[in-house]
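Here is a note for a colleague who is starting to read structures. Please keep the model open beside the text and find each place as the points come up.

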Amino acid sequence: MTQSFAADNNVFVIKHPLVQHKLTIMRKKETSTSKFRRLAGEIAMLLAYEVTRDMPMTFTEIETPIAKMQAPILKGQELVLVSILRAGNGILDGMLRLIPSAHVGHIGLYREPKTQVAVEYYFKMPPNMPERDVIIVDPMLATGHSAVAAIDRVKEQKPKSIKYVCLLAAPEGVSFVHEHHPDIPIYTAAIDQGLNEKAYIVPGLGDAGDRMFGTL
């Protein structure tokens, strides 16, 4: 997959043609709920391929129909995918298709309309977090408040590593996350122009949760 750096050297914009093509279809206002949801899952699978390329490996002895060999396998505890509810589940489902052995955590957050501050209403993580690598998923990185709140909570669990994955990001959100957590790599399919007065990404794709679940 082709990747390029944007904003700083800890932000990865995935420029693969399939990712960009599918994202364009998602952006169209006439795209149906079912197609939007399917495309979110497909892009998530492609992003999962990129974000897991540095997962640690080890070797184990196996026997093929022809001979014994030392074969590579993933090393250590299973990965944890952490979904920021509710829209994160659309990304989560696609990633689980590629990484079915991953454990799953959930963080319930909503954005307070007047202050844009993230308010937590649910938090549940798998056991043994200090032994695990974490990927936090959410379709949109807009103001960055939800992302920072989620990263704060996950860091309390002291995992080995944390990455953040989204479909779209605004420059304001990227800056806000790295102001608070400069160590966290951000993976996204695009960084758009910025935010409007309602804190929506422009040109964006609208409210990802509403479009994904048909609650417009």
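1. A residue is called buried when its relative accessible area is under 20% and exposed when that area is over 50%, with partly exposed in between. The structure shown here is a predicted model, and with that in mind we can apply these words to K158, which has a relative accessible area of 61% and is therefore exposed. K158 is found in the loop that runs between α4 and β10 (161-169). Its phi is positive, at about 55°, although K158 is not a glycine.

2. What comes before K158 in the chain? Helix α4 does, for K158 is the residue that follows α4. This helix covers residues 145-156, has 12 residues, and spans 17 Å from its first C-alpha to its last, which is close to the 16 Å expected at 1.5 Å a residue. The residues of α4 that are buried are S146, A147, V148, A149, A150, I151 and V154.

3. Still with α4, please look at how this helix packs against helix α5 (residues 171-180), where the two axes are 8 Å apart and the angle is about 25°. Angles under 35 degrees count as roughly parallel, and α4 and α5 are therefore roughly parallel to each other. Where α4 passes α5, the crossing is right-handed.

4. A second helix pair makes a useful exercise, namely helix α2 (residues 33-51) and α3, which pack with their axes 7 Å apart and at an angle of about 60°. How do α2 and α3 lie to each other, roughly parallel or oblique? The angle of about 60° is not under 35 degrees, nor does it reach the range of 65 to 115 that counts as roughly perpendicular, so α2 and α3 are oblique to each other. The crossing of α2 and α3 is right-handed.

5. Next come the aromatic rings, where a search of the whole structure finds 1 aromatic pair. In this pair the ring centres of F12 and Y187 are 4.7 Å apart and the ring planes stand at 20°, so the pair is stacked. F12 belongs to strand β2 (residues 8-14) while Y187 belongs to strand β11 (residues 186-191), so the pair ties together parts that are 175 residues apart in sequence. Both F12 and Y187 are buried.

6. Another ring to find is that of F123, because a charged residue is placed over a ring by the position of its charged atom relative to the ring centre and the ring normal. Here R153 lies over the face of F123, at 3.8 Å from the ring centre.

7. Please check two peptide bonds by eye, since each of them is cis. One joins L85 and R86, with omega at about 0°, and R86 is placed in the loop between β5 (80-85) and α3 (88-98). The other joins V202 and P203, with omega at about -5°, and P203 sits in the loop between β13 (201-202) and α6 (208-213).

8. A199 is worth setting beside K158. A199 has a positive phi of about 70° although it is not a glycine, and its place is in the loop between β12 (194-195) and β13. Is A199 buried or exposed? Its relative accessible area is 9%, so A199 is buried, whereas K158 is exposed.

9. Some buried residues can be used to practise comparing distance along the chain with distance in space. I186, in strand β11, has 0% relative accessibility and so counts as buried; I186 and E112 are 74 residues apart along the chain, and their C-alpha atoms are separated by 24 Å. G194, in strand β12, counts as buried at 8% relative accessibility, and from C-alpha to C-alpha G194 is 21 Å from I184, with their positions 10 residues apart in sequence.

10. To finish, please locate G209, which lies in helix α6 and is buried, with a relative accessible area of 4%. How far apart in space are G209 and A118? They are 16 Å apart, C-alpha to C-alpha, and 91 residues apart in sequence.

Definitions and conventions: Residues are numbered from 1 along each chain as its sequence is written. This is a predicted model: local features need pLDDT of at least 70, side-chain atom pairs count only at pLDDT 80 or more; totals for chains, interfaces and linings use all residues. Side-chain values use heavy atoms; hydrogens and water are left out. Rings of Phe, Tyr and Trp (its six-membered ring) pair if their centres lie within 6.5 Å; planes under 30 degrees apart count as stacked, over 60 as edge-to-face and the rest as tilted. Helices (H or I, at least four residues) and strands (E, at least two) are DSSP runs, numbered from the N terminus. Buried means under 20% relative accessible area, exposed over 50%, partly exposed in between (1.4 Å probe, protein chains only). A charge sits over a ring if NZ of Lys or CZ of Arg is within 6 Å of the ring centre and within 35 degrees of the ring normal. The expected span of a helix is 1.5 Å times one less than its number of residues. Axes are lines fitted to C-alpha atoms, for helices over the stretch in contact, and angles run from 0 to 180 degrees between N-to-C directions. Angles under 35 degrees count as roughly parallel, over 145 as roughly antiparallel, 65 to 115 as roughly perpendicular and the rest as oblique. A crossing is left-handed if the near helix is turned anticlockwise from the far one by less than a right angle, and right-handed if clockwise.
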